[in-house]
Amino acid sequence: MKKTRAPHRTKSPRAVQELCRLAAGLAASGSRIEDAFWENRLAAKIHAQLRTSDDQNLEAALDQLYDTDPAGYSEFIYAIEAAIECSILTHEDRRYDVLMFAVPVLTWSRFSIPSGPVDEEMLANLRLQLQTHVLAPNVQFVLADCLFSPDQLPRGYHLTHELAGKLWAAAVAGERKLHMNPNRLPETGRFLSDTRYLLGGIAVPQGKAMFRWQQTDGAGETRNSNLPALMLSKDEIVPAWQTHGGEALRKLFLGCAFELLIPDGFFSAWRMADRLARPYSTHATVNFLQTTLNISPNRLRAVIAPFYDQWLEEYRIGFTLKDRNEVLYGIVWALVGDEDESSDIVTQIETTLRECGIGHTMLLQNHFLLDYCEECGAPLFPNPEGEVVHAEFPEEGEVAPVHLH
């Protein structure tokens, strides 16, 4: 998860080493029962760190494991995420499994993309569609009354955990919404293509299903017991959810194209949105250039280049006219998850560009640094001459000044 690294306290070498030791033990485990041993102890240590309202030790342990134990790093990051987004709560002598979930929305528009408060009527409609198409019957769940931009999501582990705790408490208490004060949310930048998130909390009696894809269709109780019960997969649930959930959101996204993704646990949904946003924003960019300049995609050229900090961080794509070198627009294709220099990212980019109708691509082999404009902070993009430059839309293009993700 992207985090701001603002130091709060001096990190504890002893706590960092203990976190690394437990994560390494989990990675080296050879059985389920040993897994449980390490998982329980690691979870207890992570919760202790989250209670300090400081991410320093977690960050330091992640950095150390990344350099010395990749398997331990993977186990540790998933253990942190599990500690943040799910738990077991007791309410009125009953134990509940609780989960913080997210509903990502990919969207683009030449106009402003909405964020901020969501009204009662829309929240009620969204609740109905979630209950009908996504969630298991009789779950208790709550929605935050806000459409979050990436800039408005909580920054860092302990702040995400604090929001999760509020959502869990509201869900087990049977509340229907969690109010978010819009004045306490940061402003969001204006982008042509971006992601929005609805956040919520689910509570179910311990061990019960939360999502429809976890349970049968209910026919097993009345049908011949010798026949297998039916279970819907996530892929089978998506079409109905996108149709009906999308209709519930349509008024909020007037003037925008948008694609509703399947709700899931917060971090899983966040990673899914990060991956799918890259081809989505590429299609949005080409569509925007095509309609604004009134040209066909085959008149465009895409220049692709890798950009490094200590290691490969992202590819940047500069769009030019086929017979010109000036960069009209650019997008960033960031590496996500476990992607690195060995991943075939370029093939993914080129495939997406071909799907957009762009057959003219150029791959630069230079190792570019992560350069940004000193005046406005926008990323610089590669041109066909192997330089990184500011994207400059032509003056005759009647379009508001927006950036691209």
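**Figure 1. Close-up of His367 and its partner Tyr308.** The side chain of His367 makes a polar contact with the side chain of Tyr308, at 3.3 Å, in what is a predicted model. His367 is placed in the loop between β13 (360-363) and β14 (368-369), and its relative accessible area of 56% makes it an exposed residue. When neighbours within four places in sequence are left aside, the residues in contact with His367 are Pro306 and Tyr308. For orientation in the wider fold, His367 and Leu261 are separated by 106 residues in sequence and by 34 Å in space, taken from C-alpha to C-alpha.

**Figure 2. Close-up of Thr282 in helix α8.** Thr282 lies in helix α8, and with a relative accessibility of 1% it counts as buried. The side chain of Thr282 reaches the backbone oxygen of Arg278 at 2.9 Å. Not counting residues up to four places away in sequence, Thr282 touches Ile331, Trp333, Thr352, Leu353 and Cys356.

**Figure 3. Close-up of Phe258 in strand β8.** Phe258 is found in strand β8, which covers residues 257-260. Is Phe258 buried or exposed? Its relative accessible area is 19%, and because the cut-off for a buried residue is under 20%, Phe258 counts as buried. Leaving aside neighbours within four places in sequence, Phe258 is in contact with Val105, Leu106 and Thr107, with Gly246, Leu249, Arg250 and Phe253, and with Tyr280. Val139, by comparison, stands 119 residues from Phe258 in sequence and 28 Å from it in space, C-alpha to C-alpha.

**Figure 4. Close-up of helix α4 and its buried residues.** Helix α4 runs over residues 70-85, and its 16 residues, at 1.5 Å a residue, should span 22 Å; the C-alpha atoms at its ends are 23 Å apart, which agrees. The buried residues in α4 are Gly72, Phe76, Ile77, Ala79, Ile80, Glu81, Ala83, Ile84 and Glu85. In reading such a list, it helps to recall that an α-helix has 3.6 residues a turn, so residues three or four places apart point the same way. Several of these buried residues, including Ile80, Ala83 and Ile84, return in the next two views.

**Figure 5. Close-up of the crossing of helices α2 and α4.** Helix α2 (residues 32-51) and α4 have axes that come within 10 Å and cross at roughly 60°, and the crossing in which α2 passes α4 is right-handed. On the α2 side, Leu42, Ile46, His47 and Leu50 take part, and they meet Phe76, Ala79, Ile80, Ala83 and Ile84 in α4. By class, this contact of α2 with α4 has eight nonpolar residues, one polar residue and no charged residues.

**Figure 6. Close-up of the packing of helices α4 and α6.** With their axes 8 Å apart, α4 and helix α6 (residues 157-172) pack at an angle of about 35°. Here Ile77, Ile80, Ala83, Ile84 and Glu85 in α4 meet Tyr157, Thr160, His161, Ala164 and Trp168 in α6. By class, the contact of α4 with α6 has seven nonpolar, two polar and one charged residues.

**Figure 7. Close-up of helix α3 and the helices around its buried residues.** The 13 residues of α3, at 1.5 Å a residue, should span 18 Å, and its end C-alpha atoms are indeed 18 Å apart, which agrees. Which residues of α3 are buried? They are Asn57, Leu58, Glu59, Ala60, Ala61, Leu62 and Leu65. These buried residues pack against four helices, namely α1 (13-28), α2, α4 and α6.

**Figure 8. Close-ups of three loop residues, Ser53, Asn294 and Asn138.** Ser53 sits in the loop between α2 and α3 (56-68), where its phi is near 55°, a positive value in a residue other than glycine; at 34% relative accessibility, Ser53 counts as partly exposed. Asn294, in the loop between α8 (266-293) and β10 (300-308), also has a positive phi, near 55°, although Asn294 is not a glycine. With a relative accessible area of 69%, Asn294 is exposed. Asn138 belongs to the loop between α5 (120-133) and β4 (140-144), and at 75% relative accessibility Asn138 counts as exposed. Asn138 and Ile202 are 64 residues apart in sequence, and from C-alpha to C-alpha they are 11 Å apart in space.

How values were computed:
Residues are numbered from 1 along each chain as its sequence is written. This is a predicted model: local features need pLDDT of at least 70, side-chain atom pairs count only at pLDDT 80 or more; totals for chains, interfaces and linings use all residues. Side-chain values use heavy atoms; hydrogens and water are left out. The expected span of a helix is 1.5 Å times one less than its number of residues. Buried means under 20% relative accessible area, exposed over 50%, partly exposed in between (1.4 Å probe, protein chains only). Contact means heavy atoms within 4.5 Å. Axes are lines fitted to C-alpha atoms, for helices over the stretch in contact, and angles run from 0 to 180 degrees between N-to-C directions. A crossing is left-handed if the near helix is turned anticlockwise from the far one by less than a right angle, and right-handed if clockwise. Ala, Val, Leu, Ile, Met, Phe, Trp, Tyr, Cys and Pro count as nonpolar, Asp, Glu, Lys and Arg as charged, and the others, Gly among them, as polar. A polar contact is a pair of N or O atoms within 3.5 Å; within protein, one must be able to donate a hydrogen and the other to accept it, and residues adjacent in sequence count only if both atoms are side-chain atoms.
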